[in-house]
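Good morning, everyone, and thank you for making the time. I would like to walk you through the charged side-chain pairs in this molecule, so please have a look at the sequence and the model first.

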Amino acid sequence: MIDRQVLALQEACDEIFIEEGTSAVKKHRPVYENMITQLQPGDVLVVSSLDRAFRSVLDALGELDKLHQRRIQFKSLTQDFDTTTPEGKLLYVIAAALAEWERQTISRRTKEGLKAAQKRGKHAGRPHALSLEQIVTIREKLDHEPGTTIRELAQEMNVCTRTVTRALQRGGCTY
């Protein structure tokens, strides 16, 4: 999906800014903030779609207002509206509201799915960095090799010390 968006932006823009690994929902978006400061009066901010650019309806309206005050135009490649007209601004608000609703719905469904998976005994999220066998090995070394430290074991297992500590706590045993 991102490839399609980048191709569309390459056709429409002189310069493309991509905020990799950061959702539009995040408050601090360094690439976006840098890009906004570079825009000059008469420029056009082009986004692939509203939901890729703004966190909420309020955020979308606030950003649009800031852009208009600086005489910067706004264009979405997937929503066709002219935000300088009352009708265009209405469509912008509706699109932003739908994007916020969609984001919240997806978030709710994801949380419900994770909760259901946990009730079925499934591990949700990233896989554990240490296997059960590695945790058993760590416990045995701590029990039978005096002077062994968590740091040494973490280095041996190629993980950080906090990972070892968490794995030991998860198993009901704290060292």
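What follows is a short tour of the salt bridges, one pair after another.

Please keep in mind that what you see is a predicted model. When the whole structure is searched, three salt bridges turn up, and as general background, side chains of opposite charge can pair when their charged atoms come close.

Let me begin with helix H3, which covers residues 57–69 and holds both Lys66 and Glu63, three residues apart and thus separated by about one helical turn. These two side chains form a salt bridge in which the closest N and O atoms are 3.4 Å apart. Lys66 is partly exposed, at 48% relative accessibility, whereas Glu63 counts as buried because its value of 11% is under 20%.

The next pair sits in helix H4, residues 86–119, where Glu112 and Arg108 are four residues apart, again about one turn of the helix. Their closest N and O atoms are 3.6 Å apart in the salt bridge, and here Glu112 is partly exposed at 46%, while Arg108 is partly exposed at 45%.

Which parts of the chain does the remaining pair, Glu156 and Lys141, link? The salt bridge between Glu156 and Lys141 has an N to O distance of 2.4 Å, and it links distant parts of the chain, with Glu156 in helix H6 (residues 150–157) and Lys141 in helix H5 (residues 132–144), 15 residues apart. Glu156 is partly exposed, with a relative accessible area of 48%, but Lys141 is buried, at 19%.

Notes: Residues numbered from 1 in each chain as written. Predicted model: local features only at pLDDT ≥ 70, side-chain atom pairs only at ≥ 80, totals over all residues. Heavy atoms only, no water. Salt bridge = Lys/Arg side-chain N within 4 Å of Asp/Glu carboxyl O. Helix = DSSP H or I, 4+ residues; strand = E, 2+ residues; numbered from the N terminus. Buried < 20%, exposed > 50% of the residue type's maximum accessible area, 1.4 Å probe, protein only.
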